[in-house]
Amino acid sequence: MRLTKQTNYAVRMLMYCAANEGKLSRIPEIARAYGVSELFLFKILQPLNKAGLVETVRGRNGGVRLGKPAEKISLFDVVRVTEDSFAMAECFEDGAVECPLVDSCGLNSALRKALNAFFDVLAEYSIDDLVKARPQINFLLGLDTEMPKIAALPAA
């Protein structure tokens, strides 16, 4: 299974907003930070907004911010609204399936179990987890001008 660019950049957009906590983030700034087109980010913004993962503020000083706390937005939440299909094989797709084992196949059962395990792991991680795992994220995204000082490990 491979996630789409839409999901990848949706997560990145949410991470940017979380790192820029307390301020409105602007699409041109996010696009510049990740080297992606503004149009692409605006397209991604629509399903995120509809799902309540982000809020948009219109106007001259407008922008985008998280729709709920970063620790309440799981990776599964993002994947669920940005991916169109989770069909890992033909038997997962709607419509005519030509396999005579479709209703009693061990492969179908194994793939469904694997997909559910994938979703369970995604549900364990929040946007906040991703941001806090990288103390230098604000610097890397251009939100801060100085690299944070990382504490040295004690001598052995």
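**Figure 1. The order of helices and strands along the chain.** Follow this protein along its sequence and you get the pattern α-α-α-β-β-α-α-α-α. That comes to 7 helices and 2 strands, where helices (H or I, at least four residues) and strands (E, at least two) are DSSP runs numbered from the N terminus. Keep in mind that this is a predicted model: local features need pLDDT of at least 70, side-chain atom pairs count only at pLDDT 80 or more, and totals for chains, interfaces and linings use all residues. Residues are numbered from 1 along each chain as its sequence is written, and side-chain values use heavy atoms, with hydrogens and water left out.

**Figure 2. Helix α4 and what covers it.** Helix α4 spans residues 75–82, and 6 of its 8 residues are buried; buried means under 20% relative accessible area, exposed over 50%, and partly exposed in between (1.4 Å probe, protein chains only). The buried ones are Leu75, Phe76, Asp77, Val78, Val79 and Thr82. They pack against α1 (5–19), α3 (38–50), α5 (106–124) and α6 (127–132).

**Figure 3. Ser74, in the loop leading to α4.** Ser74 sits in the loop between β2 and α4. Its relative accessible area is 11%, so Ser74 counts as buried. Skip its neighbours within four places in sequence, and Ser74 is in contact (heavy atoms within 4.5 Å) with Leu122, Ala123, Tyr125 and Ser126.

**Figure 4. The largest nonpolar core.** A nonpolar core is a set of buried Ala, Val, Leu, Ile, Met, Phe, Trp, Tyr and Cys residues joined through side-chain atoms within 4.5 Å. In the largest one here, with 36 residues, Leu14, Ile30, Leu41 and Ile127 touch the most other members. Two or more residues come from each of α1, α2 (27–34), α3, β2 (63–66), α4, α5 and α6. Helix α1 gives the largest share, 10 residues. In soluble globular proteins, nonpolar side chains tend to be buried together.

**Figure 5. Zooming in on Ile30.** Leave aside the neighbours within four places in sequence, and Ile30 is in contact with Met13, Tyr16, Cys17, Ser25, Leu41 and Val64.

**Figure 6. Gly63 in strand β2.** Gly63 lies in strand β2. With 15% relative accessibility, Gly63 counts as buried. Outside its neighbours within four places in sequence, Gly63 is in contact with Leu24, Ser25, Arg26, Glu55, Thr56 and Val57. Pro28 is 35 residues away from Gly63 along the chain, and their C-alpha atoms are separated by 9.7 Å.
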